[in-house]
Amino acid sequence: TALFRRVCRVCGWHVLRSSYTNRAVNFFPNAIYITRMADFDNATKCIRNMEKEIHLLQSEIANTRNGEGLEEDNAELKALMQENTRLKHRLEILQSAISCEGGSVDCTTSAPNESIIGELQRIFSEAIRKAFPGISVAAVVTISTSPKFGDYQCNSAMQIVQQLKQQSVKMSPRDVAQKLVDELRSPIACVEKFEIAGAGYVNIFLSRSYGEQRIMSILKNGLQAPPMEKKRVIVDFSSPNVAKEMHVGHLRSTIIGDSICRFLEFVGHDVLRINHIGDWGTQFGMLIAHLQDRFPNFQTVSPPISDLQAFYKESKVRFDSDEVFKKRAYECVVKLQSGEASYLKAWNLICDVSRKEFQTIYNRLDVKLIERGESFYQTRMQKVVEELKQSGFLEEDDGRLIMWNEDRAGIPLTVVKSDGGFTYDTSDMAAIKQRLQEEKADWLIYVTDAGQATHFQIIFSCAKRAKILDESKHRVDHVGFGVVLGEDGKKFKTRSGDTVKLAELLDEGLKRAMDKLLQKERNLVLTQDELVAAQESVAYGCIKYADLSHNRNNEYVFSFDKMLEDKGNTAVYLLYAYTRIRSIARNCGGDFANNIEKVIESTELKLEHEKEWKLAKVLLRFTDVVLVITKNLSLHYLCEFVYEVCTTFSEFYDNCYCIEKNKQGDIVKVYASRILLCEATSRVLGKCFDILGLKPVHKI
């Protein structure tokens, strides 16, 4: 069964893992069903049928080329030829699988983008099923903590022993481990050997030849994500409010959300990046009324309100102290929501000023978003309220209309206020409905501070209750994060106690990055353009990496001094390391500097030195890290991986000559295989930096 799953994966067939075959046949009448390993007769029949189809197609193609029925450029002929090629490809794969069947796993080598830990878990799960048919234990495979314990370990023996005890079967963990290894006697592409140690641990040692093939695959085919089902994903992040400047509170959502999008795009998902800005509500009545008073000719002359924050504060003071102004502000809200032209014009003016300020920040951080503010959902809110009413989900409570979650626990949603207005709850319900039904999303991700976790739990529960969200079809995640602290351990604020503005924070980062570069006298070796590029790379990179390298669920202390250190797990150290690695091939000259692809095609990669092999094994863990992040959307795992790659590379470079020079500094010998390992390292790091939003430079 496992063999045919792999065959089907290569062929692009969908595998339905179900014991209810008869029921499945009703839904998929044209599918090929293989329910037991003994069903190779069925597979053989499939091959014979394919051979007949190919025979017939080839005859038809030959006839048409002789002028019988079709012209050479006829669309039907092209379709027949494409079908012929497709069937031949599938036939070759099936024939290969059948021919090497007989218990050997060696013929089914892992795909070049397969997760090693995922493949080992699959292999050991199959071994557990065969060795202990009545036991239900998932294979637990982890990375070994020490080289003497191999590269990976399977630690499932103790769990199996516990279940055997419940069945009155006595067996030691080592005997269980031995029985599992006995089931794995056939060669496995990625494994050199197994060893049993301690209380039933199975130590797994990777094959060097396998590692060499995988590293060459990275060089020839690029770094690829492990295979997974592609989804339509909508990520909601950043979400500032119109008429207010972006501040440090928006920093984490913007950085984390952007990296999650980059990651999901890398693994092949169709990602829609949504900026759900606050562009509707009571505050706009206040702003419009103030605009009318300050700039009465705003409809014909664009008002000079570039400092929107000051404009907002002025209107808020009037709103809080002047009852006449407050009453007029509420009237402006009503007229805006009823769509009166002059009020919409004023609203658009205010939004445009904010939009330009937001975009300046996004450009500096290299973040791309599609704006869909609360105003986008206004008509949809009315529809969702009507639907919830008709379905009996809304209850009256002191003039409000509320909706309870599935358990009728916690705090209900306020769907309609007592004055008939809508709330954030209403817009979030309308948004989730629009994204699932209109955008056809399979997966929704909301990136906000951890304080909103309860709100989203209730929203998701109410959406399930209303049959908007179906957990069997949709995945939803609230990606929460802790607050940013100052070096005093308190919430990050300016000395005067104000919230730190994001633009000012980025400016400070640029200043400090330049100071660091000048301190290292980089201005003496870099051109002005190179110096500015290095400044921006370091400044924005250190801010992003300091955030992403911490577990997002925790608070973290914002410290430029720590961020800009060139030792330890910091962006500065990693960017320097990457630039040095990239320079190695350039220093070799010739094809190494100008045509590395030619070197890749003509050179055999060998991992003979212990440090070469250690570095290669770290690089191969990239796909394992990808699978972990897919489950928990925590980018600090990738940061830990990048840091490990750089430190392991440093070990390799200190112990293995890549270039030998004589006393005059002339190159005597180039170790081409090691240069290729350097190139593979730089490509892995480059992709990781891209996911993290870091921009390495040619010189630093």
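With which side chain does the side chain of D428 make a polar contact? In this predicted model, the partner is the side chain of H455, at 2.7 Å. The surroundings of this pair are described below, after an outline of the whole protein.

The protein contains 26 helices and 16 strands. Of its 700 residues, 49% are buried. The surface exposed by the protein amounts to about 34900 Å², of which 48% is supplied by carbon and sulfur atoms. When contacts between residues at least 6 apart in sequence are considered, 72% of them join residues at least 24 apart.

D428 belongs to helix α15, which spans residues 424–438. With a relative accessible area of 11%, D428 falls under the 20% limit and is therefore classed as buried. Beyond the residues up to four places away in sequence, D428 touches H276, H455 and I459. A further spatial relation links D428 to F456: the two residues are 28 positions apart in sequence, while their C-alpha atoms are separated by 8.9 Å.

Helix α16 comprises the 13 residues 453–465. From its first C-alpha to its last, α16 reaches 18 Å, close to the 18 Å expected at 1.5 Å a residue. The buried residues of this helix are F456, I458, I459, F460, S461, C462 and A463. These buried residues pack against helix α15 and against four strands, namely β9 (400–403), β10 (413–416), β11 (443–447) and β12 (475–479). I459, one of the buried residues of α16, is also among the residues touched by D428. Just after the end of α16, K467 adopts a positive phi of about 65 degrees.

Positive phi values also occur at two other residues that are not glycine. A243 has a phi of about 75 degrees and is located in the loop between β5 (232–236) and α9 (248–266). The relative accessible area of A243 is 0%, so this residue counts as buried under the 20% limit. L633, likewise not a glycine, shows a positive phi of about 55 degrees. The position of L633 is in the loop that connects α24 (622–632) with α25 (636–655). L633 has a relative accessible area of 2% and is therefore also buried by the 20% criterion.

Methods. Residues are numbered from 1 along each chain as its sequence is written. This is a predicted model: local features need pLDDT of at least 70, side-chain atom pairs count only at pLDDT 80 or more; totals for chains, interfaces and linings use all residues. Side-chain values use heavy atoms; hydrogens and water are left out. Buried means under 20% relative accessible area, exposed over 50%, partly exposed in between (1.4 Å probe, protein chains only). Contact means heavy atoms within 4.5 Å. A polar contact is a pair of N or O atoms within 3.5 Å; within protein, one must be able to donate a hydrogen and the other to accept it, and residues adjacent in sequence count only if both atoms are side-chain atoms. Accessible areas come from the Shrake-Rupley method with a 1.4 Å probe; for residues, only the protein chains shown count as cover. The expected span of a helix is 1.5 Å times one less than its number of residues.
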